[in-house]
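Please look over the sequence and the 3D structure below before reading on. The briefing that follows moves from a patch on the surface to the helices and then to pairs of side chains.

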Amino acid sequence: MKATSHCRPKDSIRPPPPPPPSVDHHRQFSRDSNASFASSRPSSLGINRFSASDALTDHSYQLSAIRNINSFLASHSSPLSLKPPLPSTKDITETLKFVISQLNFPSTKLEDDLPILLKHLNCPIKLNKSALKAPGTPHAWRSLLGVMHWLVQIALYNDHLVSHCFDNTFVYALDSYLHYICGDDDGMEEVDREFFGKLERERNAVAEGVKTLEKEVVEREGRLEELRSGPSAKEAVEKERGVLEEDVKKFHAIIAEISGRIALVEKILEEK
């Protein structure tokens, strides 16, 4: 998904004196322009960059944010729950860890990892490290609540993508384009490798499944042909019955012969 000739300027607007710039120049110019445009947009979900501090001090917003966070926790079968107006330090910390885990962000130390995540996501809420050291204080709680609510909105959007996309093509295109507008070629190549590697694995799995099914079809067709060419169940039972009846007749003949011999022996014994 790298930029190609569509980034080349039109002849009508190209300055005639200098030589035409290279494709790589336009590729980088296009990416820088797109990246600066994307970075100039407020990166917030439900909280405007210029009104974030005001919203965090609003009591009605705080209650609404807590309800949304608790609803998210319940929908993911989490035993955690934030109790207004000021949850415990443990509940705040554990909830933050849980929300971060739902974003597939590896975290070993919350105080160090959370600021990195927020910077990466361009979070509009400023959070000091001191807030993570004492999350149960009213001042720190307001900022942490806003951060948690904002991260929950992102997690909900990710859940929406997973539940409504029948395959990962859209997510692949989105991730690839985000790396593209930032000029991150290595990131694009990594997304490509991961996506096409997954497609390759899925194709191999499907091919193995097809081979297994084909083998099963051959076996079932052979069994079906045997049933068609062989005797019916009734014929098989009647044949077996005939064999048994013949055996019974043979047994009766043997018994009669033995009985005759016994009678003969008894007669000889009486004469003596």
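In this predicted model, Ile255 has its place in helix H10, which covers residues 233–271. Together with Phe251, Ile254, Ile258 and Ile262, Ile255 makes a nonpolar surface patch of about 490 Å². The chain as a whole contains 10 helices and zero strands, and buried residues account for 24% of its 272 residues.

**Overall make-up**

- Read from the N terminus on, the elements of the chain follow the order α-α-α-α-α-α-α-α-α-α, in keeping with the count of 10 helices and zero strands.
- A search of the whole structure finds eight salt bridges, and three of them are described further below, including the one between Lys97 and Glu94.

**Helix H3**

- Helix H3 runs over residues 59–75, and because a helix is expected to span 1.5 Å a residue, its 17 residues should span 24 Å, which agrees with the 24 Å found between its end C-alpha atoms.
- The buried residues of H3 are Tyr61, Gln62, Ala65, Ile66, Ile69, Asn70, Phe72 and Leu73.
- These buried residues cover an arc of only 165° around the axis, so they lie on the same side of H3.
- On the other side of H3, the residues Arg67, Ala74 and Ser75 are exposed.
- Just after H3 comes Ser77, a residue that takes a positive phi of about 55°.

**Helix H5**

- In helix H5, which is formed by residues 110–120, the buried residues are Leu110, Asp113, Leu114, Leu117 and Leu118.
- Since the arc that they cover around the axis is only 130°, these buried residues are placed on the same side of H5.
- The other side of H5 carries the exposed residues Ile116, Lys119 and His120.
- Just after H5, Asn122 takes a positive phi, in this case of about 60°.

**Helix H9 and Tyr172**

- Met188 is found in helix H9, which is made up of residues 185–229, and Asp192 also has its place in helix H9.
- Met188 counts as buried because its relative accessibility is 1%, where buried means a value under 20%.
- Asp192 is likewise buried, because its relative accessible area of 18% also falls under the 20% cut-off.
- Which side chain makes a polar contact with the side chain of Asp192? The partner is the side chain of Tyr172, and the contact has a distance of 2.7 Å.
- Tyr172 can also be placed relative to Met188, since the two residues are 16 residues apart in sequence, while their C-alpha atoms are 9.8 Å apart in space.

**Three salt bridges**

- As background to these pairs, side chains of opposite charge can pair when their charged atoms come close.
- The side chains of Lys97 and Glu94 meet in a salt bridge with an N to O distance of 4.0 Å.
- Lys97 and Glu94 are about one helical turn from each other, because they are three residues apart in helix H4, which consists of residues 89–102.
- Lys97 counts as partly exposed because its relative accessibility is 41%, and Glu94 counts as partly exposed because its value is 31%.
- Another salt bridge is formed by Asp112 and Lys109, whose closest N and O atoms are 3.9 Å apart.
- Asp112 is partly exposed, with a relative accessible area of 35%, while Lys109 also counts as partly exposed, at 45% relative accessibility.
- In helix H10, the helix that also holds Ile255 of the surface patch, Glu245 and Arg241 are four residues apart and therefore separated by about one helical turn.
- The side chains of Glu245 and Arg241 meet in a salt bridge with an N to O distance of 3.2 Å.
- Are Glu245 and Arg241 partly exposed or exposed? Glu245 is partly exposed, with a relative accessible area of 41%, whereas Arg241 counts as exposed because its relative accessibility is 57%, the cut-off for exposed being over 50%.

Terms used: Residues are numbered from 1 along each chain as its sequence is written. This is a predicted model: local features need pLDDT of at least 70, side-chain atom pairs count only at pLDDT 80 or more; totals for chains, interfaces and linings use all residues. Side-chain values use heavy atoms; hydrogens and water are left out. Helices (H or I, at least four residues) and strands (E, at least two) are DSSP runs, numbered from the N terminus. The expected span of a helix is 1.5 Å times one less than its number of residues. Buried means under 20% relative accessible area, exposed over 50%, partly exposed in between (1.4 Å probe, protein chains only). The arc is that of the directions from the helix axis to the C-beta atoms. Patches are made of residues with over 30% relative accessible area and no salt bridge: like charges are joined within 9 Å, nonpolar side chains (Val, Leu, Ile, Met, Phe, Trp, Tyr) within 5 Å. Accessible areas come from the Shrake-Rupley method with a 1.4 Å probe; for residues, only the protein chains shown count as cover. A polar contact is a pair of N or O atoms within 3.5 Å; within protein, one must be able to donate a hydrogen and the other to accept it, and residues adjacent in sequence count only if both atoms are side-chain atoms.
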